[in-house]
Amino acid sequence: FLPWAVSLLWWGLPHGAVDHTIGAKLLDAQHPQRWVWPVAGVYFFIMLLMVGLWWWQPVIAFMAFIGVTWIHWGCGDLWWSWIREPESFPTLGSKLSFVLWRGGLPMLVPLVVDPASYRMTAEAATQWLNSGTITQEWTWLETPVVRMIALVLVVALGLITWALAPSGRKSGLNQMEGLALLAFFLAWPALPAVGLYFTVWHGWRHVQRLQGRGPAPTTFSRQTMRQFMVEAAPMTLLSILILLGLAAMVPSTAQPLTLLGIYLMLISSLTVPHLIVVTWMDKSDGLWGKNSIPVDKG
């Protein structure tokens with residue numbers, strides 16, 4: 001559970017903690033201050049809707065969490081690879097297949113190699129609101145059929161992505177990254193692997209993107225790191241307070257997996273508005289445009 005604990009303060013939870021300021025800048029680059037609170041209000045409202053879904057239909061909420069995270073993490077990797085070499089993604093199909101392939105690695109591979117952890121995590125996230133009462137049997141996640149479907153999807157998406165990518169050094173780099181991530185998720189148990197990916201890979205890349213001048217990522221300096229942590233601190237601390245409030249609703253003898261389930265519920269509720277803001281950023285940068293060339297914001 002250590003990677004998940006670290007993600008509370010380092011690149012995981014904080015990586016989306018400045019979304020309200022990003023949204024304000026996208027609305028009005030000249031006077032973003034006037035839009036910070038309205039954007040934050042809409043952001044918080046969407047988060048509350050997702051929390052309500054967890055209370056009302058936790059099983060549907062968990063499945064939605066998997067789907068939204070799948071798309072969001074895939075888009076995060078797509079943006080990074082597209083910025084590095086736009087010519088590697090000449091068509092909409094090449095972009096979409098890349099999103100499904102890369103986002104599917106942390107969502108599907110753990111289901112293939114460590115289905116027991118997948119099942120226990122699903123149970124922890126969907127049952128804590130009912131004081132441990134079983135609301136859904138998740139044993140089907142461990143069946144050979146489900147694991148085989150997940151394996152076939154991983155292989156098929158990888159092959160389709162490689163088939164649609166043009167030949168070249170940069171496309172080869174994207175493929176090497178994908179193989180490295182595949183090997184990582186095959187070798188590590190599900191919980192620490194996904195926790196490390198969330199913090200060290202996805203969160204870190206997004207924070208680097210935010211610190212770049214224009215859409216291109218840049219290398220962190222101590223000054224930019226300090227600036228980001230200061231800007232992210234208020235919303236990060238607010239999220240942690242909400243997490244502590246939710247954790248107070250369960251018995252003090254709750255297992256760490258139960259606490260992780262609560263954390264996943266909070267993350268999922270934040271991921272939906274976060275995905276909206278990041279998709280807005282992608283559109284502004286030209287990721288989904290016809291020309292497939294990054295917008296010059298220098």
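1. Let's start with L159. Is this residue buried or exposed? In this predicted model, L159 has a relative accessibility of 51%, so it counts as exposed, given that the cut-off for exposed is over 50%. You'll find L159 in helix α7, which covers residues 144–164.

2. L159 also has company on the surface. Together with M148, L151, V152 and V155, L159 forms a nonpolar patch. The accessible area of these residues adds up to about 440 Å².

3. Now hop over to helix α9, residues 190–211. Here 16 of the 22 residues are buried, so α9 is largely enclosed by the rest of the structure.

4. Have a look at the shape of α9 too. Where does this helix bend? The spot is G203, and the angle there is about 35 degrees. From first C-alpha to last, α9 still reaches 30 Å, which is close to the 32 Å expected at 1.5 Å a residue.

5. Zooming out, what is the whole protein built from? There are 11 helices and zero strands, so if you walk along the chain from the N terminus, you meet one α element after another.

6. Next, the inside and the outside. Of the 298 residues in the protein, 50% are buried. The accessible surface comes to about 14,500 Å², and carbon and sulfur atoms account for 70% of that.

7. Last, a word on contacts. Take those between residues at least 6 apart in sequence: 75% of them join residues at least 24 apart.

How values were computed. Residues are numbered from 1 along each chain as its sequence is written. This is a predicted model: local features need pLDDT of at least 70, side-chain atom pairs count only at pLDDT 80 or more; totals for chains, interfaces and linings use all residues. Side-chain values use heavy atoms; hydrogens and water are left out. Helices (H or I, at least four residues) and strands (E, at least two) are DSSP runs, numbered from the N terminus. Buried means under 20% relative accessible area, exposed over 50%, partly exposed in between (1.4 Å probe, protein chains only). Contact means heavy atoms within 4.5 Å. Accessible areas come from the Shrake-Rupley method with a 1.4 Å probe; for residues, only the protein chains shown count as cover. The expected span of a helix is 1.5 Å times one less than its number of residues. The bend at a residue is the angle between axes fitted to the seven residues ending there and the seven starting there. Patches are made of residues with over 30% relative accessible area and no salt bridge: like charges are joined within 9 Å, nonpolar side chains (Val, Leu, Ile, Met, Phe, Trp, Tyr) within 5 Å. A salt bridge is a side-chain nitrogen of Lys or Arg within 4 Å of a carboxyl oxygen of Asp or Glu.
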